[in-house]
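Visitor: Please take one part of this structure and go through it closely. I am in my first year, so plain words would help.

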Amino acid sequence: MPPTSTITTSRKRVFNSVFSASPALGPFSTTDNPPLKSIDPLATSRSFDDSQLTEPDEPGPDQETWDRAWDAATAFLAVPDRGFAALGAFEDIDEDVFLKRWNRHERPSRKTADALRVLVSQEQRGSIIDWYGQEIRRHFLKNFRDGLFDLLCYPEKEGLLQRIVRCLELARRIYFTRLAEYILPLLDASEKERAFLKLHRTFHHMVAYSSALPWDRVSALLNREFTKEALTILGIDALKEEAARGDVSIDEDMEVDREFSVSYRRWREEPSVDARMEMMTENEDAEVVAARDRLLSLLNGLQLVGLGGDKAQKVFAGVMNSMMIEFVLAAYPGQWEGPSLVSQHLRHWVENVFARLVVQVLAIINVPESGKSSEHLDVNLSDVEKWYETGFTCVGTLRMRELFDVMVEWPASSGAIDDLRRFTTNPATRLYFTLSFASVLCDRLLHPGASTVEILQLYISIIRALNLLDPKGVLLDRVARPIRRYLRDRDDTVKVIVGGLLADPDAEGQPAPSTRETLAELSAELTKAHQNSLQNDGDELDWNDMNWMPDPVDAAPDFRKSKTADVIGSLISLFESKETFVKEMQNMLAERLLQKRTDYVQEMSVLELLKLRFGDNALQACEVMMRDIFDSRRVDGVIRNDQGLVQSTTPDEPTEEIPDLHAKILSHFFWPDIQEQAFKVPEEITALQQRYSTGFESLKPSRKLTWLNNLGQVTVELDLDDRVFVDEVTTWQAAVIYAFQSTTPDDKQPPVTKTLEQLTQELQMSPALVRSACLFWISKRILTEPQRDTYRVLETLPSGENEPGTTAEPNTTDDINDDTSAAASAAAAADAAAAAAAKESAEAAAMEKMNLYWQFIVGMLTNQGAMPLQQIVMMLKMVVPGGFPFSNEELREFLAGMVSKGKLEVSGGKYKIVP
Amino acid sequence: MKVTFKEWNAVATWRWDMPDDDVCGICRVQFDGTCPTCKFPGDDCALLLGKCGHSFHMHCLMTWIQQEASKGLCPMCRQKFEWKGNEEDGNATQNTQDITQDTTQDIQA
């Protein structure tokens, strides 16, 4: 009871003192109380209520003395209304003068001191302190509120927050000086504490809740300040600078510039653990220290004037959160070296730099109102752990964003995958991983601008990387689906894969084993994969596998970890059937087997390895092809012996030199269709071929040979007037140059000149092929083309380009190298011509095939009358066994050819047989 | 200019000396292919030329002949199946030689 009664009585006293008609009132009481009343109606009305509710005032010990003392004290304590401008002027004047202005300097007169003592020593001493609280509030609202509010209107001003804090500090000083100096000493310790806290709280509430400083604006300001300093303290701005300066000059610069660094790269490069430790903890440079001091003193001020506390903590938490992201973004992009130390580095940073700042800041702004309990720690270990988790999630997100580039760089970027492995540990992140990566792939890879080799290359990287990331293969399964779907649509996928498989592995010595053209690493991978598969023949249904784990929850319903989850298996299984693959394999193999080589070890091993995957039957044709080549070698020896085609080994025997005829004998049924470009081979060779055939037929009864003259290689020796040229060329090139042979060994004869037409006739070769061969010889400087389509042998090289002394050189390729540019352009022309010839022959072959369908078409048009093109195509597609492989355009062209031959006629868009 | 061929590496295909599109009457695979049990054509999977004019993969025909029901008859014409033995070998080679000559002449023409 006693405390409440004292409060109510004291309130009553205050009320009376303010509203009494006493003439001794201070100059402010009557004028200034009404606004206060209106502003703080609750307080006033409460005091009214209280006074009415409580029992009549018990008479004080000495009402008269009391009143007088009250008047004196309030006059002494009252703060003059000087407005905000006077407060804002603190920068210009020194502190004493400043305080004088606010009536805070003079010592109390004896009378006042006595009055204070009387008031305080009274039982109801709370009242004077209450009054002072109200006086502060009144003064603040009247003088400072609007000023502070105006300050906040220019939030972009530099140092605004500091200014506000300073103003508030001064205001606080103005309010508290007299209290601290003259009233508090009169109280005993516990009372002192209570009274001080009460006023303190009053001031804080005023700052916080009077509309002078709306929190949203202040928090924005706080945010800005915190961010600015934190960037420096946490070392983030240094990291950014470093990044901006570029990679080249970092190391030298940094050594001199700043000892303290949170740079991941430098941390990584530091070999010893201790040195790494020191890097972040020691040697803070002046800039960081200054920033830290600034921030801490600002926080002290804030806390003092009541802008600290919970709200500031919230802002600070927000800032630190974004700092974490900033740091990760500044420190780790592009740092993909494996093994990754990012997690250690981040932990280190969080513990030593991040947490340190947090501890320091919280020590200031996290002071509980009722004193500080010493054993309470602002930050505990689980907090640090949580921050680390947050930070690492940021790293994961960063890596996700970088993932595409990580894949492009693959073998050099395994560190990034290490990071991601720590990140993709729960279904949410895994889902995020697959979704975002799949969409990046669609944007950046799966479009017509990327070559198939690039796509496959990246796919291989992805397979390898994701196998590390998630050995179960679920992530890979999800990510790879769009790639696989896309690759299936590409025409040349099979070609690239097979080409890669068959590529020579001895390209390892070269800097880039996988060029834009081929995926040579596939062949290496094939060998490696085989060795691996021998080692762990893991089966899903291994009942003794004690480490078995179910598939992750995000596995697709139709997911199963195939045994062929390695690179080769994934690529081969791209296609629904093995047929496409095997067919391409056959083509590629055919091309390589027909080259002139001594061994086919690579092909053999690839074939053996593929047989393990496809089974023997699928690759039967390829095996037959291989065997054909090996058999032919044996058969070749036997036949040549039998037919006396072998050169006599005795060199002095002056027998007529005959060319060495070797043959590869193919089982045509198992080889891909080889385009035939018939032409007449030189008589000499024909005769030899005939002898060879005879030999074959006697060796293998009831079989006959068909020569494929456009395939094969010939070593020719050209005896020109001034030089001898030896080279290995194709058969058709040889045939063409043979046609230029001088008929008589007479030197006086002019060089042989032939026209394209003559050659075509003579060799029964297609003009394109003749032309291509001639261009080839021109590039070798054997022929010249004096006029269009006329070719002449270049018996002597034009003078000036070749000294007569070197004419006896056996091989003139050196001469040709002299002016490589001309030769190169000529060679390019030859290549182009060869390509044109090949194209022509391919077209001819297509037309040939089309002729098969001609029978169908004739039958159809005869039976059903005239038909439009569309209908013909439709019928063909339905009727022809195996489908009709040509497009409408091709058929239209073919039919147009038939029209021009007079076999068809067109009327009204319909084709009709000419009767 | 004198052109000398040092070495000529040619490519040729072999065929059974039969009409082009003929298939084995039993397995319906071309003669140049293999019977279903074989992997390699040619020597490993020879043909049998019947006197009746029908030819088969040797393995195919053997399987047939070994069955009781076959009674040693040609599955196509139901005549007694006898293959062209060694006594006609020379003749056969002669024929094939003629044909090869013909074809080479064709090429030259």
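Guide: What follows is a look at one helix of chain A, and then at the side of chain B that touches chain A. The model is a predicted one. Helix α21(A) runs over residues 427-444 and has 18 residues. From its first C-alpha to its last, the helix reaches 25 Å, close to the 26 Å expected at 1.5 Å a residue. Which residues of α21(A) are buried? They are A:Arg430, A:Phe433, A:Thr434, A:Phe437 and A:Leu441. Seen down the axis of α21(A), the buried residues fall within an arc of 90°, so they line one face of the helix. A general rule fits here: an α-helix has 3.6 residues a turn, so residues three or four places apart point the same way. The cover over the buried residues of α21(A) includes α19 (381-408) and α23 (474-489), which also belong to chain A. On the other side of α21(A), A:Ala428, A:Ser439 and A:Asp443 are exposed.

Now to the place where the chains touch. Here 55 residues of chain A are in contact with 35 residues of chain B. On the chain B side, β1 (2-16) and α2 (89-108) each supply at least two residues. The most comes from β1(B), with 15 residues. Sorted by class, this side of chain B has 15 nonpolar, twelve polar and eight charged residues. Strand β1(B) also pairs with strand β2 (residues 703-719) of chain A, in the antiparallel sense and over 14 bridges. Within that pairing, B:Val3 of β1(B) is the bridge partner of A:Leu718.

How values were computed: Residues numbered from 1 in each chain as written. Chains lettered and ligands numbered in written order. Predicted model: local features only at pLDDT ≥ 70, side-chain atom pairs only at ≥ 80, totals over all residues. Contact = placed C-beta atoms within 7 Å. Helix = DSSP H or I, 4+ residues; strand = E, 2+ residues; numbered from the N terminus. Nonpolar A, V, L, I, M, F, W, Y, C, P; charged D, E, K, R; others polar. Pairing = 2+ DSSP bridges. Expected span 1.5 Å × (residues − 1). Buried ≥ 20, exposed ≤ 12 C-beta atoms within 10 Å, placed from the backbone. Arc of directions from axis to C-beta.
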